[in-house]
Amino acid sequence: MEWAKIIQERRSIRRFKSSPEVDQELVRELLREAQGLYPYPSGEASSYRYVYAGTAESRERLAACMLEPLVKNKLVKWLPEKIRDFVRKRVTEIPGHLAVIASTNEDRRTNDMNYAAVCGIMQNFQLLAWQRQLGTLWDTEPMMQSRELFHLFQMKPTEKLVGILHLGYFDKIPKARARTRAEKKWTIISG
Ligand SMILES: Cc1cc2nc3c(=O)[nH]c(=O)nc-3n(C[C@H](O)[C@H](O)[C@H](O)COP(=O)(O)O)c2cc1C
């Protein structure tokens, strides 16, 4: 399949099939390919790591950590059971969760370059996964920034969770959302 077509046709998947499982070796292979496709500008190594939850037990642990802040949140006290069940079911039924963690740096340029490289790898991963009929959702919801989750991922204060890529197979391709045409973002320097 041509890349232009894959870029155009890839959709974020929010409704995953609970089976089959996502083969961990496939995830690692896609990550190797995704990294290979992204040349880091300065030639230095970019700094990041991955944490994967693919077993029923690990998904339960992940869900529990995501739920912890909701349980504590006074605003949702009136509906805790329903919300808890919904989030727990959603997280545990998605076959795979790939957390992508980038190192941060006090030097802004180094920090931005590393973050950009990691985002590039994640988008490459989404495109390569799509090519194999594996669906992805790049998740950055505030729930992802909980202390409990950081603890589960053994994150250092110098690290940033760039997102969790939820992974699984799917039946239906969602409709595309409207895109802003590139021309609308376009200006030229006169002369
Ligand atoms: C950096 C980034 C963060 C995102 N965070 C979320 C998120 O927190 N929740 C969500 O449902 N989708 C998230 N998405 C997916 C976007 O909502 C999705 O890409 C957008 O709706 C366009 O749909 P498409 O990917 O099918 O073209 C994120 C995507 C990117 C690139």
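Helices (H or I, at least four residues) and strands (E, at least two) are DSSP runs, numbered from the N terminus. Keep that handy, since Leu30 will turn up in helix α2.

This is a predicted model, where local features need pLDDT of at least 70, side-chain atom pairs count only at pLDDT 80 or more, and totals for chains, interfaces and linings use all residues. Residues are numbered from 1 along each chain as its sequence is written, and side-chain values use heavy atoms, with hydrogens and water left out.

**Exercise 1. Get an overview of the protein chain: list its elements in order and find its extent.**

Step 1: Count the elements. The protein chain has six helices and four strands.

Step 2: Walk from the N terminus. You meet them as α-α-β-α-α-β-α-β-α-β.

Step 3: Look at the extent. The C-alpha trace spans about 65 × 40 × 35 Å along its principal axes.

Step 4: Check burial. A residue is buried under 20% relative accessible area, exposed over 50% and partly exposed in between (1.4 Å probe, protein chains only). Of the 191 residues in the protein chain, 37% are buried.

**Exercise 2. Work out how β2 is paired and whether it is enclosed or not.**

Step 1: Recall the rule for pairing: two strands pair if DSSP finds at least two bridges between them.

Step 2: Take one partner. Strand β1 (residues 48-53) pairs with β2 in the antiparallel sense, over six bridges. Here Tyr50 sits opposite Val100 of β2.

Step 3: Take another partner. Strand β4 (residues 159-168) runs antiparallel to β2, and eight bridges join them. Ile101, for instance, has Leu161 in β4 as its bridge partner.

Step 4: Put burial on top. Strand β2 (residues 96-103) has seven of its eight residues buried, so the rest of the structure largely encloses it.

Step 5: Follow β4 onward to β3. These two are antiparallel as well, with five bridges between them, and Thr136 has Leu167 in β4 as its bridge partner. Four of the five residues of β3 are buried, so that strand is mostly covered.

**Exercise 3. Find the residues that touch the most other members of the largest nonpolar core, then look at Leu30.**

Step 1: Know what you're hunting. A nonpolar core is a set of buried Ala, Val, Leu, Ile, Met, Phe, Trp, Tyr and Cys residues joined through side-chain atoms within 4.5 Å.

Step 2: Pick out the best-connected members. The core has 21 residues, and Val27, Leu30, Leu98, Phe125, Leu134 and Leu167 touch the most other members.

Step 3: See where the core comes from. At least two residues each are supplied by α2 (24-36), β2, α5 (108-131) and β4. The largest share, seven residues, belongs to α5.

Step 4: Zoom in on Leu30. Its relative accessibility is 0%, so Leu30 counts as buried. C-alpha to C-alpha, Leu30 and Arg132 are 9.6 Å apart in space, yet 102 residues apart in sequence.

**Exercise 4. Describe what surrounds the ligand.**

Step 1: Collect the neighbours, meaning residues with a heavy atom within 4 Å of the ligand. They are Arg10, Arg11, Ser12, Arg14, Leu137, Trp138, Asp139, Thr140, Glu141, Arg177 and Arg179.

Step 2: Sort them by class. Ala, Val, Leu, Ile, Met, Phe, Trp, Tyr, Cys and Pro count as nonpolar, Asp, Glu, Lys and Arg as charged, and the others, Gly among them, as polar. That gives two nonpolar, two polar and seven charged residues.

Step 3: Look for polar contacts (a pair of N or O atoms within 3.5 Å; within protein, one must be able to donate a hydrogen and the other to accept it, and residues adjacent in sequence count only if both atoms are side-chain atoms). From a ligand oxygen to a side-chain N or O atom, the distance is 2.6 Å for Ser12, 3.2 Å for Arg177 and 2.4 Å for Arg179.

Step 4: Finish with area, from the Shrake-Rupley method with a 1.4 Å probe; for residues, only the protein chains shown count as cover. The ligand taken alone exposes 620 Å², and the protein buries 70% of that.

**Exercise 5. Track down some unusual backbone angles.**

Step 1: Start from the usual case: most residues other than glycine have a negative phi, and most peptide bonds are trans.

Step 2: Check Ser19 and Pro20. A cis peptide bond joins them, with omega about 5°.

Step 3: Check Gln133. Though not a glycine, Gln133 has a positive phi of about 65°, and its place is the loop between α5 and β3.
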